[in-house]
Amino acid sequence: MLIADSAPQHHYEEQPEQILIVDDDVVCVRSLHAVVAELGSVAFTTQASDAVRLAKQLRPSVVLLDIGVVA
């Protein structure tokens, strides 16, 4: 016998998390990608000039970013 719950249920389509990796070191990009790949959809760039464009386009949930300071 099945009993239906009479309380309204809301089901929202779950969107995969969008993760953006920005690092000029390809080894770091590969390492980070391996760690987060199963958490969502991963995009990456090694070019700082592409980072803002990708962020605007993809609207990622998380940005993993390597920031270097030039002295």
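Which residues make up the largest nonpolar core?

## Nonpolar core

In this predicted model, the largest nonpolar core comprises 5 residues in all: L20, V22, A43, A51 and L54. The elements that contribute two or more residues to this core are β1 and α2, the latter spanning 48-58. In soluble globular proteins, nonpolar side chains tend to be buried together.

Among the core residues, L20 has contacts that can be listed in full once residues up to four places away in sequence are set aside: A43, F44, A51, L54, A55, P60, V62, V63 and L64. Three of these partners, namely A43, A51 and L54, are named as members of the core.

## Sheet and its covering helix

The strands form an open sheet of 3 with the order β2-β1-β3 and parallel pairing. Because β2 (40-45) and β3 (62-65) stand at the edges with a single partner strand each, one side of each is left without a neighbour in the sheet. On average, neighbouring strands of this sheet are turned by 20° against each other, direction ignored.

The parallel strands β1 and β3 are joined by 4 bridges. V22 has L65 as its bridge partner in β3, and V22 also belongs to the largest nonpolar core. Helix α1 lies across β1, β2 and β3, and runs at about 165° to β1.

## Q18 in strand β1

Q18 is a residue of strand β1. With a relative accessible area of 17%, Q18 counts as buried, because the limit for that class is under 20%. Leaving out residues up to four places away in sequence, Q18 touches S41, V42, A43, L58, R59, P60, S61 and V62. A43, one of these contacts, is also touched by L20.

## The loop after β1

D25 is located in the loop between β1 (17-22) and α1 (26-36). Its relative accessibility is 34%, and D25 therefore counts as partly exposed. D25 and D66 are separated by 41 residues in sequence, while their C-alpha atoms are 9.0 Å apart in space.

## Salt bridge in α2

A search of the whole structure yields 1 salt bridge. This pairing joins the side chains of R53 and D50, with an N to O distance of 3.8 Å. Side chains of opposite charge can pair when their charged atoms come close.

Both R53 and D50 lie in helix α2, 3 residues apart, which is about one turn of the helix. R53 is partly exposed at a relative accessible area of 46%, and D50 is likewise partly exposed, at 24%.

Note on methods
Residues numbered from 1 in each chain as written. Predicted model: local features only at pLDDT ≥ 70, side-chain atom pairs only at ≥ 80, totals over all residues. Heavy atoms only, no water. Buried < 20%, exposed > 50% of the residue type's maximum accessible area, 1.4 Å probe, protein only. Core = buried A, V, L, I, M, F, W, Y, C linked by side-chain atoms within 4.5 Å. Contact = heavy atoms within 4.5 Å. Salt bridge = Lys/Arg side-chain N within 4 Å of Asp/Glu carboxyl O. Pairing = 2+ DSSP bridges. Axes fitted to C-alpha atoms, helices over the stretch in contact; angles between N-to-C directions.
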